[in-house]
Amino acid sequence: MPDVLRASTVVTSDGVLEPGEVVVDAGTVVAVRPVPDGARASVPDRILCPGFVDLQVNGMDDVDCAAARSDADWARIGDLLSSSGVTSWCPTLVTAPLDAYPARIARVREAMARQLAPATAPTLVPSILGVHLEGPFLGGAPGAHPREWLAPIDLDWLRALPLGDVVRVVTLSPELAGATDAIALLASRGVLVSVGHSTATYEQAGAAADAGARLVTHLFNGMGPLHHRAPGLVGAALSDDRLAPSLIADGVHVHPAALRAAARAKGSGGWVLVTDAVAWRSWRLAGREVTVRDGGPRLPDGTLAGSSLTMDAALRRMVHECGIPLPDAVAAASTTPARLVGAADRGALAAGRRADVVTLSPDLDVIDVTIA
């Protein structure tokens with residue numbers, strides 16, 4: 001028997017139903033439609049939207065993705081993510097020695113295999129879409145990434161990785177030698193290539209997009225500033241329709257006015273929300289001390305080292321503080337990242353999609369989460 005979820009507001013890719021209902025059968029959305037006239041009086045005052053997709057999660061609370069080893073570690077992160085509306089995500093591995101990556105990637109692959117086992121499904125565990133490698137091929141703005149482990153681009157090393165099925169996103173810097181070759185290789189293997197931690201010129205960013213890059217990692221952070229005669233990576237991210245910038249909407253990394261400007265410049269479906277969350281309560285990141293002060297996790301020298309943001313909080317900030325329409329913010333939290341990473345079975349409330357549904361209060365607090 002299908003389940004029918006009703007709400008005063010249902011956010012779809014085609015617009016907002018007020019009120020609307022989502023019909024779910026065997027883990028799949030089979031219909032999204034207006035509520036019949038005779039049932040409208042009993043519709044609860046709440047919002048239904050597709051589950052959030054976070055492409056950049058370094059860790060959560062006290063669990064670092066690079067150090068996660070046990071089922072308990074992955075379950076801990078999963079619980080925290082699902083409580084904030086995230087139903088699919090990418091564990092993100094920051095810059096490390098090249099020989100450290102294979103074991104870390106293998107642990108993510110094992111976690112992915114376990115969550116897909118029939119004995120564990122269906123379950124309220126956000127899907128791991130694959131690894132996001134943020135580094136080590138970074139350029140002139142490494143931020144919190146350890147400079148001693150930054151590396152020149154190594155195409156043979158990249159070819160040896162499980163690209164596409166396990167490694168789903170790679171952030172690299174387009175000013176590095178061999179960047180366009182690496183981008184073309186990765187894109188041809190089904191990897192979403194993002195450019196970031198970079199002082200690239202506008203022209204170098206355009207060349208990266210020509211080669212297949214489609215994402216810009218945390219716009220404004222870890223890159224040179226926008227200048228009207230030398231627009232650089234920021235200018236390319238805001239003006240090139242092929243590039244979707246991600247934004248960390250924690251109120252610390254980017255001023256609300258800049259968040260609003262970027263969202264308006266790119267338009268609905270042209271930008272992405274990420275948390276860039278770290279295991280801030282473990283007090284360590286990439287082997288270095290991290291403390292939370294002035295609103296975010298920081299290295300001893302004050303450099304921001306990721307965030308303690310959750311995706312529901314990012315959505316609230318974009319809507320309540322930045323004045324972005326709810327459907328645009330939902331697209332950035334769900335539909336656009338799902339499309340970019342190639343997860344075509346989710347990211348929207350539409351017939352045939354996986355039934356990942358977040359129920360929000362009128363104030364955009366998470367009430368309930370359904371995964372498949």
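**Salt bridges around R316 and beyond**

R316 pairs with D312 in a salt bridge, with 3.2 Å between the closest N and O atoms. The model is a predicted one, and the contact here is a local affair: D312 and R316 both sit in helix 8 (residues 311-321), four residues apart, or about one turn of the helix. D312 has a relative accessibility of just 10%, so D312 counts as buried, the cut-off for that label being under 20%.

R316 has another partner too. D365 forms a salt bridge with R316, and here the closest N and O atoms are 3.4 Å apart. This pair reaches across the sequence: D365 lies in the loop between strand 22 (357-360) and strand 23 (366-370), while R316 belongs to helix 8, so the contact ties together parts that are 49 residues apart in sequence. As for exposure, D365 comes out at 37% relative accessibility and therefore counts as partly exposed.

Elsewhere, D345 and R346 bring their side chains together in a salt bridge, at 2.9 Å from N to O. The two partners fall into separate exposure classes. D345, at 35% relative accessibility, counts as partly exposed, whereas R346, at 10%, counts as buried; the class boundary that matters for this pair is 20%.

Salt bridges also join up into a network, one that links R6, E21 and R33. Such pairing is no surprise in principle, because side chains of opposite charge can pair when their charged atoms come close. Overall, the count for the model stands at 15 salt bridges, among them the R316 contacts with D312 and D365.

Conventions: Residues numbered from 1 in each chain as written. Predicted model: local features only at pLDDT ≥ 70, side-chain atom pairs only at ≥ 80, totals over all residues. Heavy atoms only, no water. Salt bridge = Lys/Arg side-chain N within 4 Å of Asp/Glu carboxyl O. Helix = DSSP H or I, 4+ residues; strand = E, 2+ residues; numbered from the N terminus. Buried < 20%, exposed > 50% of the residue type's maximum accessible area, 1.4 Å probe, protein only.
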